[in-house]
Amino acid sequence: MSTPDARCPECNASLMVAGGNSRNATNTKLIISVLVGLLVFALGAFFFLKGNSGGTTTPAGTGTTPPLSTSQPDLLQLRLSGSNTLGASLAPALVEAFLKQEGYGEFQRHPGKDHEESEILASRDGKKVQVLISAHGSGTAFSGLRDGFADVGMSSRPIRKEELAELAKLGDMGAGNSEFVVALDGVAVLVNPANRVDTLSIHQLRGLFSGKITDWSMVGGAPGPVRIHARDEKSGTFDTFKTLVLNGDRILDTAKRYEDSQALSDAVAEEAGAIGFVGLPYIRKAKAIAVSADTRSMAMRPTKLTVATEDYPLTRRLFLYVPADATAFARKFADFAISDMAQGIADQIGFVGQVPEEVKVVESGVSEGGQLALSHRKLTAQAQRLSVNLRFRFGSAELDNKALQDVKRLVRYFEKPDRQDLKVMLLGFADNIGSECINLSVSQKRADTVSRELESYGVKAAIAHGFGELSPVADNSTDTGREKNRRVEVWITRDAVAAPGNPSCDNDRKRHGRRVP
């Protein structure tokens, strides 16, 4: 046992007396232990919170939201990524309506790290659901699906061939159980309200936005420089405009670019000489002009009817894309998004829903075409048109995904008791790529296809008749225009009707040496 005078035999240093200063030593160890414990607790809390806050941070504008930590097994999650046109208002409204239908309540909506992102929280019987919406452009719909950061992709343009190939591991994203058209939208061309120009052709628009037309006097306006405003490169709105208008030309380098449609519209409304483009709900205080496919076509404004029938030259479809192996919750949401209830929500927000409505057409617009035009006018003179056109897969007589859903909507329309005596007329149209008789035959096949599809649900058409290349709604010199002209219109009447005749195709058969398809 050491003594107060005890020293180390090797270094001669004083030795601590056992028990003499043990309280001080114990206190020191205790303080160190507490500090270490607090540090460990703080680090643990930091990583726990980080792991449950939506995942690791991603660069701004990537449009992808990494999945939540698996440490919250009782939290149901749905992640939507893609188009700003959809994500700004339509997607949140559809999500809330869907969750209400599923019995959820106690809704909370929170903004994300920027105005293109949002979070919706709800609960049901103690179970919580979180919906994350990231709206940085249609391109991010497909990158989000590819990288596993999205359950549902939102796009204001169709998926591209290269994107289909990239996402092949998720199934055929162009198939009917993966591609859902949730609403229609018209890309409205806006000018300053003081601009006296009311109508422009697509050719003129191409010249304006590419910089070949630099002064408004060159298109019938008052002299003054043209000021270009445009959506950003990631935008589905821009992609649609680029496809339908620019046709390979580059947009002017000095154009002012926007991620937000409302900001673009407001800027056009305030700047003299300005021109821009936005989705239908974002026209606001600017002036929307009429657009014609070419100099021979009738100029149309983006209205509910012209967009619903997709006759307006700058009409586009708004899509949801869902992988084949999507969660049951994601698939249920996509099915809800194409329901009649969801289409009503789209109408309320300012887009165009797909539920057929009766429209009295004062003038069909068919002014040329001889016998065909005369028979068309006679057939539709006392009829009403439904606000839907059925279209086909590219280069095929097979109905596209939207048309297959439209057939079901038509069936629901005709099932109403007060519509049992309506006579249904299906009028088919083609582009001008073949001879007159070939086009008549192709348009007849399209009308027959729709007739058979409706009849399989118990709705029998009174007339299914092809009118060939009569009454084009778009420019037949482009692939997109020809695709729009390949359509079947739906007309209804309570009067007695009979199918008109068509010109004989005997000479055409002899000339081409083959049977007309």
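1. Starting point: buried. A residue counts as buried when its relative accessible area is under 20%. Asp 151 has a relative accessible area of 14%, so Asp 151 is buried. The model discussed here is a predicted one.

2. Surroundings of Asp 151. This residue sits in the loop between helix H3 (139-147) and strand E5 (152-155). Its side chain reaches the backbone nitrogen of Arg 79 at 2.8 Å. Beyond four places in sequence, Asp 151 touches Gln 77, Leu 78 and Arg 79. Leu 145, Tyr 321, Val 322, Pro 323 and Ala 330 complete that list.

3. A second buried aspartate. Asp 232 lies in the loop between strand E9 (227-231) and helix H6 (236-246). Its relative accessibility is 14%, so Asp 232 also counts as buried. Its contacts, leaving aside neighbours within four places in sequence, are Phe 238, Arg 257, Tyr 258 and Glu 259.

4. Confidence. The average pLDDT of the chain is 84. At least 70 is reached by 81% of the residues. Two stretches need care when reading the model. Over residues 1-26 pLDDT stays under 50, and the model has 15 contacts beyond four places in sequence for them. Over residues 45-71 pLDDT also stays under 50, with 41 such contacts.

5. Overall make-up. The chain holds 15 helices and 19 strands. Of its 517 residues, 51% are buried. Among contacts with a separation of 6 or more, 69% join residues 24 or more positions apart. The accessible surface is about 24600 Å², and carbon and sulfur atoms account for 54% of that area.

6. Nonpolar cores. In soluble globular proteins, nonpolar side chains tend to be buried together. Here the largest nonpolar core has 82 residues. Leu 80, Leu 99, Leu 205, Phe 209, Ile 275 and Leu 314 touch the most other members. Helix H2 (residues 84-101) gives the most to this core, with eight residues. A second, separate core has 21 residues, including Phe 392, Leu 410, Phe 414 and Val 488.

7. Leu 205 in detail. Outside four places in sequence, Leu 205 is in contact with Val 189, Leu 200 and Val 245. Ile 275, Val 291 and Leu 314 are also in contact with Leu 205.

8. Helix H7. Which residues of helix H7 (residues 261-270) are buried? They are Ser 261, Leu 264, Ser 265, Ala 267 and Val 268. Their arc around the axis is only 160 degrees, so they are on the same side of H7. An α-helix has 3.6 residues a turn, so residues three or four places apart point the same way. The cover over the buried residues of H7 includes H2, strand E7 (188-191), E9, strand E10 (256-258) and strand E11 (274-278). At the N-terminal end of H7, Asp 260 acts as a cap. A side-chain oxygen of Asp 260 lies 3.2 Å from the backbone nitrogen of Gln 262.

9. Helix H10. Ala 342, Gln 343, Ile 345 and Ala 346 are buried in helix H10 (residues 340-349). They cover an arc of only 155 degrees around the axis and therefore lie on the same side of H10. Their cover includes H2, strand E6 (179-186), helix H9 (328-337) and helix H12 (401-414). Just after H10, Gly 350 takes a positive phi of about 125 degrees.

10. Gly 344. This glycine is found in H10. Is Gly 344 buried or partly exposed? Its relative accessible area is 25%, so Gly 344 is partly exposed. Gly 344 and Gln 354 are 10 residues apart in sequence, and their C-alpha atoms are 8.6 Å apart in space.

11. Helix H11. Leu 372, Ala 373, Ser 375, His 376, Leu 379 and Thr 380 are the buried residues of helix H11 (residues 371-380). They span an arc of only 165 degrees around the axis, so they are on the same side of H11. The face turned away from that buried side carries the exposed residues Leu 374 and Lys 378. What do the buried residues of H11 pack against? Their partners are strand E17 (423-429), helix H13 (436-455), strand E18 (463-466) and strand E19 (487-493).

Conventions
Residues are numbered from 1 along each chain as its sequence is written. This is a predicted model: local features need pLDDT of at least 70, side-chain atom pairs count only at pLDDT 80 or more; totals for chains, interfaces and linings use all residues. Side-chain values use heavy atoms; hydrogens and water are left out. Buried means under 20% relative accessible area, exposed over 50%, partly exposed in between (1.4 Å probe, protein chains only). Helices (H or I, at least four residues) and strands (E, at least two) are DSSP runs, numbered from the N terminus. The arc is that of the directions from the helix axis to the C-beta atoms. Contact means heavy atoms within 4.5 Å. A nonpolar core is a set of buried Ala, Val, Leu, Ile, Met, Phe, Trp, Tyr and Cys residues joined through side-chain atoms within 4.5 Å. Accessible areas come from the Shrake-Rupley method with a 1.4 Å probe; for residues, only the protein chains shown count as cover. pLDDT is the predictor's confidence in each residue, from 0 to 100. A polar contact is a pair of N or O atoms within 3.5 Å; within protein, one must be able to donate a hydrogen and the other to accept it, and residues adjacent in sequence count only if both atoms are side-chain atoms.
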